Amino acid sequence: MPCLTVYTDAPNYCDAAKQLAQQLNLPFLSKGTYPADDLLCLNESGLFITIQRQQIAKPFRVDFSETTLLQRAKKATPYNELIAKAIGKNNKSVLDATAGFGYDAFLLASLGYSITLVEQSLIVSALLADGLNRAKQNKTLEPIIQRMRLITNNSIDYLNTLTSKPDVIYLDPMFPVSKKTAKSKKEMQILQSLIGGSQESHLHLLLKSARQCAKNRVVVKRPRISKPLCDITPSFSFNGKAIRFDVYLHHSDKMQNTSMKQASRRGITPSHPQFSIPNPQSS
Ligand SMILES: C[S@@+](CC[C@H](N)C(=O)[O-])C[C@H]1O[C@@H](n2cnc3c(N)ncnc32)[C@H](O)[C@@H]1O
C-alpha cells in the first residue's frame, strides 16, 4: 500500500484538498516543491493519483470521456457485450458490489441499467466520485451518469441494510495475482497497489451475501481460465477471449430454465446444473 500525500498546486483548491486529506486520514501538502512521493493531487482538472514506486508515475484520474471507453459505450448493445448478456436484458437494477473505478458500471449504465456502485476503499471511491462529478458536467455523459449512484461502504455491510433487492448483483473482485499482472492495464496496477488481493474468507462472505440479496441473479467476472469464485459452480457462464462471466441464478428465479435453455441454444453450455441427488443412506 503506497504512502499517499494529498497535494494541490492550485491555491483555490487548497481548502478542498485539505478537507479531502482529513476525510482520507492522509497528510496534506500545498504548493511548494513538487514532492517525489506517492500523491493524490487535486486541481481544476480533477483528482489524480501518482504512484512512483510502482512505475505508475504518470498521473491517473478516472475519466469517462476517455476515447476507448466512450467508443465502446457508444457501440454497446445488449447483444454485443458479454457483460450485458450475463446481466440479462429483462433485469433493470444492478448493484455493482465491487465498483473499483466504475468502468463496468459505466458500460452497463450506458446500456440503460440503473446502477448502485459500492466501493469499500476510501481512496478508490474518492477517485471514482471525482470522475463521476466531472462526467456529470459533460452533456453526452450526463444521462449515463444519472443512472449511477456511488456508495462508499463495504458491500457485505451494505447488503445487510437493503430493504429492496436489486435484480442483479455484479461482482468483479481482484483477479488472483499472476505473472501477467505486471503487464496489466495501468488502472488495474493502481487497484492492485491500493487494494492488493482479497482473502478467500472475504470472497466467500461477499458471494454468499450477494446470492442472498439479489432478486434474480449474481454475475461474477473471472479470468477465462480460472476456477469459479470460491469453487462454487455457477448456473452457466459466458466465455470471452480473456474473461468469463459466471451467472448464479436465484433459486426461485422463474427465468432459470428459460435462460439456461437459451444459453445452450446459443452455444453457451450451462456449466453444471444443480442436481439434487438423493442420498440412499438417509432414507
Ligand atoms: C477489480 S476491482 C473492480 C473493477 C471494476 N469492475 C471496474 O470496472 O473498474 C475490485 C474492487 O472491488 C472492491 N471491493 C472488494 N471487496 C469489496 C467489498 N466487500 N465491498 C466494496 N468493495 C469491494 C475493491 O476495493 C476494488 O476496488
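## Worked exercises: core and ligand shell

**Exercise 1.** Which residues is Ala-210 in contact with, leaving aside its neighbours within four places in sequence?

*Solution.* Start with the cut-off: two residues are in contact if their C-beta atoms, placed from the backbone, lie within 7 Å. With neighbours within four places in sequence left aside, Ala-210 touches Ala-97, Leu-159, Ile-169, Leu-171 and Val-218 by that contact rule.

A word on the model: it's predicted, so local features need pLDDT of at least 70 and side-chain atom pairs count only at pLDDT 80 or more, while totals for chains, interfaces and linings use all residues. Numbering runs from 1 along each chain as its sequence is written.

**Exercise 2.** Place Ala-210 in the largest nonpolar core.

*Solution.* Step one: a nonpolar core is a set of buried Ala, Val, Leu, Ile, Met, Phe, Trp, Tyr and Cys residues joined through C-beta atoms within 7 Å; buried means 20 or more other C-beta atoms within 10 Å of a residue's own. Step two: the largest such core has 65 residues, and Ala-210 is among those with the most contacts inside it, as are Ile-87 and Val-219. Step three: helix α5 (residues 122-136) gives the most to this core, 7 residues.

**Exercise 3.** Which residues come nearest the ligand?

*Solution.* The shell takes residues whose C-beta atom, placed from the backbone, lies within 6 Å of the ligand. Of the 22 residues around the ligand, the nearest are Thr-98, Gly-100, Tyr-103, Gln-120 and Ser-155. As for the elements, α4 (103-110), β7 (114-119), α7 (155-161) and α8 (186-195) each supply at least two shell residues; helices (H or I, at least four residues) and strands (E, at least two) are DSSP runs, numbered from the N terminus.

Key. Buried ≥ 20, exposed ≤ 12 C-beta atoms within 10 Å, placed from the backbone.
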